[in-house]
Amino acid sequence: MLLGAQLRRLREANGTSREAAGYVIRGSESKISRMELGRVGFKERDVVDLLTLYGVTDERERAELLSLARSANRAGWWYRYNNVLPAWFQSYLGLEAAAVLIRNYEVQFVPGLLQTEAYARAVIRLGHGGADPAEIERRVNLRMARQRILTRADPSQLWTVVDEAALRRPIGGSAVMRAQIDALIEATTLASVRLQVIPFDVGGHAAAGGAFTILRFPEQDLPDVVYIEQLTSAFFIDKPEDVDQYASCMGRLSIEAAPPGQTTEILRRIRKDLDNDR
């Protein structure tokens, strides 16, 4: 998807039509459209020919895009779970694994990258109540595997803002929620995690529209991507003017939320309230 978006921008900047681009790679206009949407694989030869057609002569830029093409054609670790994953979520996992910075706002659940096994299992059962136990466990294992990006040698940075309601909703029961809050307190000690909470007393705030994630990548030429998940599909947004709106919203959320230095205190207070509710 990232490579397709880059190729689309280069084509449009060069004033080349999809039909002309398709002719150069011995394909059709519809093939160029599918490539630019990230819906088909990429032949390295086709990418070389398109870069030449679009006037990309800088060797560093060409090398980065060809490296991206090779990465796009490699199967990720998550493909062994493809029997329980829709194609749109497989696309997200590839973007998440490649991101250096993940900015996220959550209103209903604890972010997936910070969930405990028991909490994740409870959340997954809410959405897949009819699934058999083996499928539920595969989905839980997948979610736990995703979390390795926060502790690997070159960890992704997670900056998440969570509504207090998500931290007080007893998903899985009070015992599961207490353990989840304990895990969040521990997560705040990780250098790769920045967690903020929007307290109830803030009232309305910038992200009234719901949860979203902004992904940033190490290559400077690659645009940020906004991910918005729905019940049966997802949106991937990479138009700069749209991404800027979400980045601005995320900035306002971080101001409206309690400062990161207060997060542990807030979590301990919520943990104490959960103890009192037993």
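The following conversation goes through the sheet, the two largest pockets and one tryptophan of a predicted model.

Q: What kind of model is this, and how are residues numbered?
A: The model is predicted: local features need pLDDT of at least 70, side-chain atom pairs count only at pLDDT 80 or more, and totals for chains, interfaces and linings use all residues. Residues are numbered from 1 along each chain as its sequence is written, and side-chain values use heavy atoms, with hydrogens and water left out.

Q: How many strands form the sheet, and in what order?
A: The open sheet is formed by 6 strands in the order 3-2-1-4-5-6, with mixed pairing. Strands (E, at least two residues) and helices (H or I, at least four residues) are DSSP runs, numbered from the N terminus. Two strands pair if DSSP finds at least two bridges between them.

Q: Which strands are at the edges?
A: Strand 3 (193-198) and strand 6 (234-237) are the edge strands, and each pairs on one side only. From one strand to the next, the twist averages 15 degrees.

Q: Which helix packs on the sheet?
A: Helix 6 (residues 87-98) packs on the sheet and touches strand 1, strand 4 (212-216), strand 5 (225-229) and strand 6. The direction of helix 6 makes about 140 degrees with that of strand 5. Axes are lines fitted to C-alpha atoms, for helices over the stretch in contact, and angles run from 0 to 180 degrees between N-to-C directions. Contact means heavy atoms within 4.5 Å.

Q: Strand 1 and strand 2: parallel or antiparallel?
A: Strand 1 (residues 101-106) and strand 2 (residues 157-163) pair in the parallel sense over 6 bridges. Tyr105 stands opposite Val161 in strand 2.

Q: And strand 1 with strand 4?
A: Those two strands pair in the antiparallel sense, over 5 bridges. Leu101 has Arg216 as its bridge partner in strand 4, and Asn104 stands opposite Thr213 in strand 4.

Q: Is strand 1 buried or exposed?
A: Strand 1 is mostly covered, as 6 of its 6 residues are buried. Buried means under 20% relative accessible area, exposed over 50%, and partly exposed in between (1.4 Å probe, protein chains only).

Q: Which way do its residues point?
A: Leu101, Arg103 and Tyr105 point one way from strand 1, and Ile102, Asn104 and Glu106 point the other way. In a regular strand the side chains alternate between the two faces of the sheet.

Q: What about strand 4 and strand 5?
A: Strand 4 runs antiparallel to strand 5, and 3 bridges join them. Thr213 stands opposite Tyr227 in strand 5. Strand 4 is mostly covered, with 4 of its 5 residues buried.

Q: How many residues lie between strand 5 and strand 6 in their hairpin?
A: There are 4 residues between them. The two strands run antiparallel and are joined by 4 bridges; Glu229 has Ala234 as its bridge partner in strand 6.

Q: New topic: what lines the largest pocket?
A: The largest pocket is lined by 36 residues, of which Phe89, Phe109, Val123, Arg143 and Glu229 lie nearest its centre. A pocket, on a 1 Å grid over the protein atoms alone, is an open set of points where a 1.4 Å probe fits, with protein on both sides within 12 Å along at least five of seven lines; lining residues have an atom within 4 Å of a point.

Q: Which elements give two or more residues to that lining?
A: They are helix 6, strand 1, helix 7 (117-127), helix 8 (133-146), strand 4 and strand 5.

Q: How much space is in the second largest pocket?
A: Its volume is about 820 Å³. A volume is the space filled by probe spheres set on the grid points, which are joined across faces, edges and corners. Helix 6 supplies the largest share of the lining of this second largest pocket, 7 residues.

Q: Last one: where is Trp159, and is it buried or exposed?
A: Trp159 is in strand 2. Trp159 is buried, with a relative accessible area of 19%.

Q: What does Trp159 contact?
A: Leaving aside neighbours within four places in sequence, Trp159 is in contact with Ile102, Arg103, Asn104, Arg194, Gln196, Met250 and Ser254. The C-alpha atoms of Trp159 and Asn104 are separated by 6.3 Å, although the two residues are 55 residues apart along the chain.
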